[in-house]
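The following explanation leads the reader through selected features of a structure, from pairs of charged side chains to a helix and the surface.

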Amino acid sequence: MKIKSKAKLIWTVTNNGCEKLGIDHIASTIVKNKLNAVRMTYSSLAYPNIFKLREKITKLLANEDKQPADGKVPFLLSFVGRRALLSVPNGEITLENGVEVEISFLVDFSACASMSTESNAQSKQFEVRVSSEDQLSTLKIGSIINISYGSVELQIVEIKNKSTTELTARCIVENGGTLISGVDVHSQDMSRDLFPLLTDDEKTLKAGFSYLADFVIVDGIKSEQELFAIKAGILGENAPFSERHPSIPINKDVLETEALLPPRFLLKVDSKRSYELLPMLLKHVDGVFLSRSELGIDEHPHNLPILQKDLVDRCNRMSKTIIIASELMHSMRVNANPTRAEVSDMANAAADGSDALVLSHEVTEGPNADLVAEVSLETLVNSEAWVETKWHSFEMDKIPSDDDAVTYGAIRIAQQANVRAIVCFTEGGYTAMKLSSMRTPTEIIAITCNKKIMRQLNLLRSVTGMVLESRSQVERILNETKDILVNAFGFKKGDKFVFVSLTASSVSERNSNLFTLQEID
């Protein structure tokens, strides 16, 4: 597959999928289809498979790519948190309005961590596996149970056999539809909070999470203090950071190729509460992970398209990563072709200006996985081709900062000079984030010194990251950059590029900036 989209595709992998499909199969699918990133839930159970999958992907890429394999595919990891998953006898059933069903709610952290929803062989009941006992304690008569993000809605009319780890409820179907094993279950009376942390999530903060994760997806946050607690658990107490770099302390480690830097943080917006907290929290994170389907449980569906556009615009203006998730190409879990609405959803999310789109495990681990990747990529490329015909160099009536002035100037020169790429040198990634956020149709090649920062930059729209082995004076960086462009990207003599940096120039070692039009000699 040779076509390449500017918006990135994120492939969801579960621990259960690793066991069933095999690490080799999943890694092969990711490399063969040129998928850009992996999303997984972290737990002590999943740790070995996450590690093996990363190693296998890197090995496969090294065999077929001129560009260095290390650092190409970032991993987005999340806590298990308070989660609920449906298990249906025989995998699927359709319920009509008014029908009564009995559901067993069981505390089963391992099933929620691994996304394993196989029913007990003897059971003929519907089961909901929850990760925490406190999720059961607040269920009551009258509680509304939303299944598959509200596509099916039940109401509890009787509770029986209630204990700390199990509850059986008789429910009436208020809104009928098809129930499928593995889908998420929500209720206003069933906590989705991250705090108080579950025991395994507490261990997550101390057990290799920081090393394996390029991005941490944080959901279930109720306050600024809770976000700070998670960041402190991973970055350490009183870790230095700034609004430019909310997660990556800028020190000598960013100039070392193999230094193990911390992950960046993405705030999951999946409820009305998290959306309302965003103005307070956005400056403390590196981006937003929008779960439209979960947000749609709290918000009326007709609000979602506008909320999505608002979030994308807000993140672009602040140079934050914006990722759109939920039910993209969802019908392809069983069908070879997507619906027109699904294609439209994906095309609009890309056209709105999102950095990346997430394909859920229902489709990535289904029988049509390769088709899903192919159709998704074609949809993105086609939508971007149309958007680029409408793109024009925007005007800034007011330049917010020196950084904006430099990146804005580089983009204008790139357009006028018809360059092949904008190439930036960036220590912590901010220059690439700033360029990407302006959504230029020109390819961006980001040169950095650290492999982890390189992986993180590969999630940004239009950006391809590369590693420069050592920090040099700007004149030497330019010469080394030209070698990279020729050897790894196939640049030819006479090809032009704009070089831009917010941290290096020939005038001053630090706190200086430049952009310059260059040509391959």
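**Salt bridges, a helix and the surface**

D345 and R292 form a salt bridge in which the closest N and O atoms are 3.6 Å apart. This pair links distant parts of the chain, since D345 belongs to helix α12 (residues 340-352) and R292 to helix α10 (residues 292-298), 53 residues apart. The two partners are covered to unlike degrees: D345 is partly exposed at 33% relative accessibility, whereas R292 is buried at 13%. The model is a predicted one, and the distances and areas given here are computed from it.

A second salt bridge joins the side chains of R54 and D214, with an N to O distance of 2.3 Å. R54 lies in helix α3 (residues 47-64) and D214 in the loop between α7 (209-212) and β13 (215-218), so this contact ties together parts of the chain that are 160 residues apart in sequence. R54 counts as buried because its relative accessibility is 10%, under the cut-off of 20%. D214 is likewise buried, at 0% relative accessibility.

A third pair consists of K434 and D404, whose closest N and O atoms are 3.0 Å apart in a salt bridge. Because K434 is part of helix α16 (residues 430-437) and D404 is part of helix α15, the pair ties together parts that are 30 residues apart in sequence. K434 is buried, with a relative accessible area of 5%, and D404 is buried at 9%. Helix α15 (residues 402-417) also contains R412, which is partly exposed at 22% relative accessibility. Between the C-alpha atoms of R412 and S131 there are 51 Å in space and 281 residues in sequence.

Salt bridges may also be joined to one another: R192, D219, K268, D270 and E294 are linked in a network. The count of salt bridges comes to 31.

Helix α11 (residues 304-317) allows a check of geometry. At 1.5 Å a residue, its 14 residues should span 20 Å, and the end C-alpha atoms are 20 Å apart, which agrees. The buried residues of α11 are L304, L307, Q308, L311, V312, C315 and N316. Seen down the axis of α11, these residues fall within an arc of 165°, so they line one face of the helix. An α-helix has 3.6 residues a turn, so residues three or four places apart point the same way. On the other side of α11, I306 and R317 are exposed. Just after the helix, S319 takes a positive phi of about 55°.

What does Q308 touch, not counting residues up to four places away in sequence? Q308, found in helix α11, touches L290, R292, I324, N348, A349 and D352. R292 is thus a neighbour of Q308 as well as the salt-bridge partner of D345. Q308 itself is buried, with a relative accessible area of 5%.

Two loop residues complete the account. G91 is placed in the loop between β4 (84-87) and β5 (92-95) and is partly exposed, with a relative accessible area of 27%. Leaving aside neighbours within four places in sequence, G91 is in contact with L179, I180 and S181. The C-alpha atoms of G91 and G182 are separated by 8.6 Å, although these residues are 91 residues apart along the chain.

L260 sits in the loop between α8 (224-235) and β14 (264-269). L260 is exposed, with a relative accessible area of 65%. Together with F51 and Y211, L260 makes a nonpolar surface patch of about 310 Å².

Note on methods. Residues are numbered from 1 along each chain as its sequence is written. This is a predicted model: local features need pLDDT of at least 70, side-chain atom pairs count only at pLDDT 80 or more; totals for chains, interfaces and linings use all residues. Side-chain values use heavy atoms; hydrogens and water are left out. Patches are made of residues with over 30% relative accessible area and no salt bridge: like charges are joined within 9 Å, nonpolar side chains (Val, Leu, Ile, Met, Phe, Trp, Tyr) within 5 Å. Accessible areas come from the Shrake-Rupley method with a 1.4 Å probe; for residues, only the protein chains shown count as cover. A salt bridge is a side-chain nitrogen of Lys or Arg within 4 Å of a carboxyl oxygen of Asp or Glu. Helices (H or I, at least four residues) and strands (E, at least two) are DSSP runs, numbered from the N terminus. Buried means under 20% relative accessible area, exposed over 50%, partly exposed in between (1.4 Å probe, protein chains only). The expected span of a helix is 1.5 Å times one less than its number of residues. The arc is that of the directions from the helix axis to the C-beta atoms. Contact means heavy atoms within 4.5 Å.
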